[in-house]
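Work through the following exercises with the sequence and the structure side by side, and try each task before reading its solution.

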Amino acid sequence: MQAQQTTVDASEVAKFEAMAAEWWDPNGKFKPLHMLNPCRLEYITSQIAGEFGRDRSAAKPFEGLRLLDIGCGGGLLSEPMARLGATVVGADAAERNLPVARIHAEQSGLDIDYRFTTAEAMAAAGEQFDVVLNMEVVEHVADPQAYLDACQQLLKPGGLMICSTINRNAKSFAMAIVGAEYVMRWLPKGTHEWNKFITPDELCALISKAGLNPVDRTGFVFNPITWGWSLSSRDLSVNYVTASTKPA
Ligand SMILES: C[S@@+](CC[C@H](N)C(=O)[O-])C[C@H]1O[C@@H](n2cnc3c(N)ncnc32)[C@H](O)[C@@H]1O
Ligand SMILES: [Mg+2]
């Protein structure tokens, strides 16, 4: 089972271990993810509703859907998905994230199954989900193709994967590394390595090679005037998200 070790980059996981206590502090080290949450939830919920024919105005639109939040961190996405009715498993390779996520879910009255494990270990155990949320993780793993192969195995036929990451170009270096880490100090220096960023074409090629069909790519764009994030079908130059389906 050597493959089970391949997606964890110990130095990447150590960065998240060190920040674990701050997950739910909106002004802490995960401030960028808190700021991004409304925009990415709009994308995630619209894609799931479209794929599974759900009405987002219902009280629990995702009832009956089994959802994996892989690389869940403190559960910033697991929690809203549970509130929307999904049966949520959150998994993370950084052990310290799990108690933080568990305590917060309990305090929020949510039933979420948080596990200290990896995508490949869950795939090897034969677990399958209707939806795999794979948000801001692929740029932190040791082997993106092996990781996406495992994510593909974790989907039921007809399932949906949402995968976001950061593009690799001069602008993303300026914005995601110089801007976010050095100028704004939103993130600790060294959080991201530019050479681990992935272009949308590269990501979609990896996803296709894993056996999924990329069906959408959309930008997450930060507007310094409104100080907020929005979705863009044209601007994928820094942060972006993709949706992919597994053939039925
Ligand atoms: C930037 S955080 C994103 C957290 C969450 N997905 C979100 O968007 O709010 C990346 C997370 O991926 C986890 N991680 C890194 N490598 C991983 C791997 N190989 N398998 C599973 N999780 C991993 C880290 O511990 C961290 O919690
Ligand atoms: Mg990241």
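**Exercise 1.** Leaving aside its neighbours within four places in sequence, which residues is Arg 40 in contact with?

*Solution.* Keep in mind from the start that this is a predicted model. Begin by locating the residue: Arg 40 belongs to helix 2, which covers residues 31-52. Next, look past the neighbours within four places in sequence, and the contacts of Arg 40 turn out to be Met 135, Ser 164, Phe 220 and Val 241. Finally, decide whether the residue is buried or exposed: a residue is buried if 20 or more other C-beta atoms lie within 10 Å of its own, and Arg 40 has 24 such neighbours, so it counts as buried.

**Exercise 2.** Find which residues the UniProt annotation "binding site" covers, and then describe the surroundings of Asp 92.

*Solution.* According to the UniProt record, an unreviewed entry, the annotation "binding site" covers Arg 40, Gly 71, Asp 92 and Met 135. Two of these residues, Arg 40 and Met 135, are in contact with each other. Turning to Asp 92, we find this residue in strand 2, residues 87-92. Asp 92 counts as buried because 27 other C-beta atoms lie within 10 Å. Beyond four places in sequence, the contacts of Asp 92 are Gly 71, Cys 72, Gly 73, Asn 97, Leu 98 and Phe 116, and one of these, Gly 71, is itself covered by the annotation.

**Exercise 3.** Determine which residues of helix 1 are buried and which are exposed on its other side.

*Solution.* Helix 1 spans residues 10-19, and its buried residues are Val 13, Phe 16 and Met 19. They lie on the same side of helix 1, because the arc that they cover around the axis is only 120°. The spacing fits a general rule: an α-helix has 3.6 residues a turn, so residues three or four places apart point the same way. On the other side of helix 1, the exposed residues are Ala 10, Ser 11 and Ala 14. As a last step, ask what lies over the buried residues of helix 1: the covering elements include helix 4, residues 97-107.

**Exercise 4.** Describe how strand 6 and strand 7 are joined, and what is found in the turn between them.

*Solution.* Strand 6 (residues 213-223) and strand 7 (residues 228-232) run antiparallel and are joined by five bridges. At one position of this pairing, Asn 223 stands opposite Gly 228 of strand 7. The two strands form a hairpin with four residues between them, and in its turn Trp 227 has a positive phi of about 60°.

**Exercise 5.** Compare Glu 136 and Arg 185, for each of which phi is positive, by stating where they lie and whether they are buried or exposed.

*Solution.* Start from the general expectation that most residues other than glycine have a negative phi. Glu 136, however, has a positive phi near 60°, and Arg 185 has a positive phi of about 55°. Then place them: Glu 136 lies in the loop between strand 4 (129-135) and helix 6 (144-153), whereas Arg 185 lies in the loop between helix 7 (170-183) and helix 8 (200-210). Now count neighbours: Glu 136 is buried, because 21 other C-beta atoms lie within 10 Å, while Arg 185, with 12 C-beta neighbours inside 10 Å, counts as exposed.

**Exercise 6.** In the largest nonpolar core, identify which residues touch the most other members.

*Solution.* This core holds 62 residues, and those that touch the most other members are Val 132, Leu 133 and Cys 151. Taking Val 132 as the example, and not counting residues up to four places away in sequence, we find that it touches Leu 68, Ile 70, Cys 151, Leu 154, Leu 155, Gly 159 and Met 161. Apart from the largest core lies another one, of seven residues, among them Ile 166, Ala 176, Ile 177 and Ala 180.

**Exercise 7.** State how many helices and strands the protein chain has, and judge how compact the chain is.

*Solution.* The protein chain has eight helices and eight strands. Its radius of gyration is 17 Å, close to the 18 Å that the globule rule gives for 248 residues, so the chain is as compact as a globular protein of that length. Of the 248 residues, 42% count as buried.

Terms used. Residues are numbered from 1 along each chain as its sequence is written. Chains are lettered from A and ligands numbered from 1 in the order in which they are written. This is a predicted model: local features need pLDDT of at least 70, side-chain atom pairs count only at pLDDT 80 or more; totals for chains, interfaces and linings use all residues. UniProt positions are given in the numbering used here, feature names are shortened, and annotations may be inferred rather than shown by experiment. Two residues are in contact if their C-beta atoms, placed from the backbone, lie within 7 Å. Two strands pair if DSSP finds at least two bridges between them. A nonpolar core is a set of buried Ala, Val, Leu, Ile, Met, Phe, Trp, Tyr and Cys residues joined through C-beta atoms within 7 Å. The arc is that of the directions from the helix axis to the C-beta atoms. The radius of gyration is taken over C-alpha atoms; the globule rule is 2.2 Å times the number of residues to the power 0.38.
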